[in-house]
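I opened this entry to look up a few strand pairings, one helix and some charged pairs. My notes follow in the order in which I went on.

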Amino acid sequence: MTSRYRSSKTSEGLNSLTPRRRTVVKAAAATAVLAGPLAATLPARAVDQAPAFLHGVASGDPLPDGILLWTRVTPVPEAIPGSGVGPDTEVSWVVARDKAFTTVVAKGSTTATAASDHTVKADIRGLEPGTDYWFRFSAGGTDSPAARTRTAPAHDAAVTGLRFGVVSCANWEAGWFSSYRHLAARGDLDAWLHLGDYIYEYGTGEYATRGTVVRPHAPAHEIVTLADYRIRHARYKTDPDLQALHATAPVVAIWDDHEFANDTWSGGAENHTEGAEGAWSARQAAAKQAYFEWMPVRPAIAGTTYRRLRFGKLADLSLLDLRSFRSQQVKVGNGEVDDPDRTLTGGAQLDWLKAGLKSSDTTWRLVGNSVMISPFAIGSLSADLLKPLAKLLGLPQEGLALNTDQWDGYTDDRREILAHLRTNAIRNTVFLTGDIHMAWANDVPVDAGTYPLSPSAATEFVVTSVTSDNLDDIVKVPEGTVSAVASPVIRAANRHVHWVDTDRHGFGVLDITAERAQMDFYVVSDRTKRDASAKWSRSYRTRSGTQKVERTYDPV
């Protein structure tokens, strides 16, 4: 692939519908129980050939001199994900400059064990900046598929352009992952960002499918144990479209709540019943362990997903963990949302974010942010729209105007970060957000109540869901029906919102130059169809120095 980095210097050597609550979960995860039903969900070769690479290969967290490679090997037929069985298996890896692997630049080996669910990672260093590479794994005479990856540009490279795919919220049971297929087919991505809800924790039929389970989960029950989380991650990585995207470009991922349980906070979750579903500390630890086993993500500070990547002089990307440190969500209308002792980020992470934004010398400061930072008031929606919107956001259905799982529920943290941007004249900060199952283009005002007289401190692009229910899915009406009514009302009550689409599924493509950061929004034709098409919907950009969003009428 032709390099997209054009450097002037020589290179040097990243809420959901609340389900009916259960008081008891049937979550037995003994190996004997899992083996039969899970084996039936794997490709046929899983039970007649070993070793095998049944879950694809992936790369992530690109650095100027390195990349993190990932795969999972099935060494023998009984070593299915979550089983805890199977022999130690040597897995080798090779990195080359070409797809034919004639120019090998790095190789090595590691051991896959049952202790890590036979997943392996190789953190490769010594590569050239801003360069395409190909890699594959091998075990016992079997080669994995070959995949492309790309390193980040050199720290001081004068990069003229970057392009990232942007996705979030992929409910397996609600449909097919066509968004991933269409992003993979582009062939022009430097990386892709997954902003959370890569998996969902619910049992079959418990969550948001317009009443139709397109394809069932494995395991069928809600995931609670380490084995459960491993099996669910494995299920996702059998999807051919997800495998294709992982094999095309490196991913930069953060988690949100459903990698754990709905509306997770540091000490629990809405969708966790202490005792009946075990201790939260054990469930949280299991979810984190499985995540780091199954995702090409480097564990960062305190084993979380907050970390920072740099892409030359053009952009750096601060990735947030908004679940591990947050205070419990409060009820809407409660003055506690303004309590300075409550936090979304945790003090250490907020200080880290502020310091990084202030010290950054790049043109753009991107923030991978799992829940919307822009203020949001529902306004005067009619009752028939207010109730499903409240359900989607997890609000009381009487329709009070805050989603306390977002930054709206932690206003002191938001005030502090926006004041920091203004006080230090930090420009070109763009929040990239998922979670809410809608597409938005927002200014981020210092004071929404007086906007536009109040200045905008940043901008925000929110991508819709890959498959998880939108408003039209909840009320079961044709696509676009709700958005046509709700969008004007939402915008009237939120003058900093330039656009919102409440109804469609899809993905974003973020294109960055020194002059502007532009998000092209794409929608898929039907999440329930494996061959769903995709089309461009709208584009918005923020020009350098403006801290404002504006519409543009062509995708890049």
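I began with D472, which is buried at a relative accessible area of 2%. The model is predicted, and I read the values below with that in mind.

I then looked for the partner of D472 and found R210, in a salt bridge with N and O 3.1 Å apart. R210 lies in the loop between β10 and α3 (226-236), while D472 belongs to helix α9 (residues 471-475), so I count this as a link between distant parts of the chain, 262 residues apart. R210 has 30% relative accessibility and is partly exposed, because the buried class ends at 20%.

Next I checked E222. Its salt bridge goes to R283, with the closest N and O atoms 2.8 Å apart. E222 sits in the loop between β10 and α3, and R283 in helix α5 (residues 280-294), 61 residues away. I noted both as buried: E222 has 1% relative accessibility, and R283 has a relative accessible area of 1%.

The third pair I looked up was D188 and R163, whose closest N and O atoms are 2.7 Å apart in a salt bridge. D188 is in the loop between α2 (178-186) and β10 (191-194), and R163 is in strand β9 (residues 162-167), with the two positions 25 residues apart in numbering. Here too I found both side chains buried, D188 at 13% and R163 at 14%. I traced shared partners further and got one network of R163, R186, D188, D511 and R516. The salt bridge count comes to 31.

I turned to helix α8 (residues 411-423). Its 13 residues reach 18 Å from first C-alpha to last, close to the expected 18 Å. I listed its buried residues as T411, D412, D413, R414, I417, L418, H420 and L421. These pack against α6 (347-359), β17 (429-433), β18 (439-445) and β19 (456-462). Just after α8, I noted a positive phi of about 50 degrees at A425.

Last, I followed strands β22 to β24. β22 (residues 516-524) and β23 (residues 534-543) are antiparallel, paired over nine bridges. Q518 has R541 of β23 as its bridge partner. β23 also runs antiparallel to β24 (residues 550-552), with three bridges. Y540 is bridged to R551 in β24. Six residues lie between the strands of the β23 and β24 hairpin, where I found G545 with a positive phi near 90 degrees.

Conventions:
Residues numbered from 1 in each chain as written. Predicted model: local features only at pLDDT ≥ 70, side-chain atom pairs only at ≥ 80, totals over all residues. Heavy atoms only, no water. Pairing = 2+ DSSP bridges. Helix = DSSP H or I, 4+ residues; strand = E, 2+ residues; numbered from the N terminus. Expected span 1.5 Å × (residues − 1). Buried < 20%, exposed > 50% of the residue type's maximum accessible area, 1.4 Å probe, protein only. Contact = heavy atoms within 4.5 Å. Salt bridge = Lys/Arg side-chain N within 4 Å of Asp/Glu carboxyl O.
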